[in-house]
Number of protein chains: 2
Amino acid sequence: MLKLSKKSEYALMAAKYMAIKNHGTVITAKEIANNFNFSYELISKVLQSLSKNQIVVSYKGVKGGYILSKSPVDIFLIDLIRAVEPDYQITECLKFENRKGSCNYKDNCTIKDPLAVVQQKIDKVFYETKLSHII
Amino acid sequence: MLKLSKKSEYALMAAKYMAIKNHGTVITAKEIANNFNFSYELISKVLQSLSKNQIVVSYKGVKGGYILSKSPVDIFLIDLIRAVEPDYQITECLKFENRKGSCNYKDNCTIKDPLAVVQQKIDKVFYETKLSHII
DNA sequence: TTGATAACCGACTAATTTAGTCTTATTTCA
DNA sequence: TGAAATAAGACTAAATTAGTCGGTTATCAA
């Protein structure tokens, strides 16, 4: 139904929160969970994904937490989404790992190429939206 | 995960098939199901949705079937998608019926307005793609 | 050096959404 | 009047997403 997952929403809101609040101090998953009434476990996972994708830097231990790794002008919406939704694509057959194989319609598919064009345009939308636009 | 539903894919492929094959004769759900190995019941439902949305005209009875109601240059991707997926929106809170009420984050939502902009851009992509582009 | 705190990770369960099936009704043609 | 087609709604199954749980590792400070 072409809907963003909750993870993507969490990622966006967390990134925005960090961008606004960050004055050199780290921000914990707990703080974000409390602030937005998010499930602590879920937002933790989201932040871990952002960390793996170098969007935030993480610090373990007592005074640990997260901090944005770059300026909001350098963080693109597509990075946030891809971090938590590695294989977002409007159709199965456009997914990265798909070399032939798993198209639903095999030889009968008549829409792959046009949908690839659509996909590129959607990617472009997410590329041209930056975190700084959202603050 | 921002994926099109199978219904949307069916709608697209069926519409394309009708656009190419249609020489004044109606096309049945059965023919399309056989041609693409679609579930007959599902493609039937999809065609019924297209019919309700005036994208195809339906004829009941023995020599019945479907026929595109307009030229492929006048059929937009967004019409096909909306016909089978009435409330496609990247987030819950942008759905039509949503006047306040059901936002996941209530007063704490910080992303509704920027996402509305993104939604408009995505709509635009689907508006500017016509069935004729896909043939 | 130990206890508290926070990130990290993977397996699991629950909830929601999507896909698919079944049944029955209605229309139309020959 | 029977066969073939659309129409519609209820139901079931499968897949995806959301959320939970348990345990590990790292870091700080008392």
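Student: Which residues are linked with A:Lys121 in a network of salt bridges?

Tutor: B:Lys124 and B:Glu128 are, together with A:Lys121. Keep in mind that this is a predicted model.

Student: What makes the pair B:Glu128 and A:Lys121 a salt bridge?

Tutor: Set the value against the cut-off. The N to O distance for B:Glu128 and A:Lys121 is 3.4 Å, and a salt bridge needs a Lys or Arg side-chain nitrogen within 4 Å of a carboxyl oxygen of Asp or Glu. So the pair B:Glu128 and A:Lys121 counts as one. As a general point, side chains of opposite charge can pair when their charged atoms come close.

Student: Why are B:Glu128 and A:Lys121 called partly exposed?

Tutor: B:Glu128 has a relative accessible area of 37%, and A:Lys121 has 29%. Buried means under 20% and exposed over 50%, with partly exposed in between. Both values fall in that middle range, so both residues get the label partly exposed.

Student: How do you know that the pair B:Lys121 and A:Glu128 joins two chains?

Tutor: Look at where the partners sit. B:Lys121 lies in helix H5 of chain B and A:Glu128 in helix H5 of chain A, so this salt bridge joins two chains. Its N to O distance is 3.4 Å, which is within the 4 Å limit. B:Lys121, at 29%, is partly exposed, and A:Glu128, at 36%, is partly exposed too.

Student: How many salt bridges does the rule find across the interface of chain B and chain A?

Tutor: It finds 2 there. A search over all chains of the whole structure gives 8.

Student: What makes B:Asp123 and B:Arg82 a salt bridge, and what does the pair tie together?

Tutor: The closest N and O atoms of B:Asp123 and B:Arg82 are 3.6 Å apart, and the cut-off is 4 Å, so the pair passes. B:Asp123 is in helix H5 of chain B and B:Arg82 in helix H4 (residues 77–84) of chain B, so the pair ties together parts that are 41 residues apart in sequence.

Student: Is B:Asp123 buried or exposed?

Tutor: Buried. B:Asp123 has a relative accessible area of 12%, and buried means under 20%, so the label fits. B:Arg82, at 31%, is partly exposed.

Student: How many residues of each chain are in contact where chain B meets chain A?

Tutor: 39 residues of chain B touch 39 residues of chain A. The area buried between the two chains is about 3700 Å², and carbon and sulfur atoms give 65% of that. B:Met1, B:Leu2 and B:Tyr105 supply 20% of what chain B buries against chain A, more than any other three residues.

Student: How many residue pairs are in polar contact between chain B and chain A?

Tutor: The count is 8 residue pairs. On the chain B side, helices H1 (6–21), H2 (29–36) and H5 (112–128) each supply at least two residues. The largest share, 8 residues, comes from H5(B). Sorted by class, that side has 21 nonpolar, 8 polar and 10 charged residues.

Student: What makes B:Gln48 a polar contact of DNA strand D?

Tutor: A polar side-chain atom of B:Gln48 lies 3.3 Å from a base nitrogen of DNA strand D, and the limit for a polar contact is 3.5 Å, so B:Gln48 qualifies. The backbone takes part elsewhere: a polar backbone atom of A:Lys6 is 2.6 Å from a phosphate oxygen of the strand.

Student: Which residues are closest to DNA strand D?

Tutor: Of the 27 residues that surround DNA strand D, the closest are A:Lys6, A:Lys45, B:Met1, B:Ser58 and B:Tyr66. H3(B) gives the most to this surface, with 5 residues. On the DNA side, 68% of the strand's atoms within 4 Å of the protein belong to sugar or phosphate, and the rest to bases.

Student: What is notable about the phi of A:Asn37?

Tutor: A:Asn37 has a positive phi of about 60° although it is not a glycine. In general, most residues other than glycine have a negative phi. A:Asn37 is found in the loop between helix H2 (29–36) and H3 of chain A.

Student: Why is A:Asn37 called exposed?

Tutor: The relative accessible area of A:Asn37 is 69%, and exposed means over 50%, so the label follows.

Terms used. Residues are numbered from 1 along each chain as its sequence is written. Chains are lettered from A and ligands numbered from 1 in the order in which they are written. This is a predicted model: local features need pLDDT of at least 70, side-chain atom pairs count only at pLDDT 80 or more; totals for chains, interfaces and linings use all residues. Side-chain values use heavy atoms; hydrogens and water are left out. Contact means heavy atoms within 4.5 Å. Buried area is the accessible area (1.4 Å probe) that two parts lose on being put together, summed over both. A polar contact is a pair of N or O atoms within 3.5 Å; within protein, one must be able to donate a hydrogen and the other to accept it, and residues adjacent in sequence count only if both atoms are side-chain atoms. Helices (H or I, at least four residues) and strands (E, at least two) are DSSP runs, numbered from the N terminus. Ala, Val, Leu, Ile, Met, Phe, Trp, Tyr, Cys and Pro count as nonpolar, Asp, Glu, Lys and Arg as charged, and the others, Gly among them, as polar. A residue is near a molecule or strand if one of its heavy atoms lies within 4 Å of it. Buried means under 20% relative accessible area, exposed over 50%, partly exposed in between (1.4 Å probe, protein chains only).
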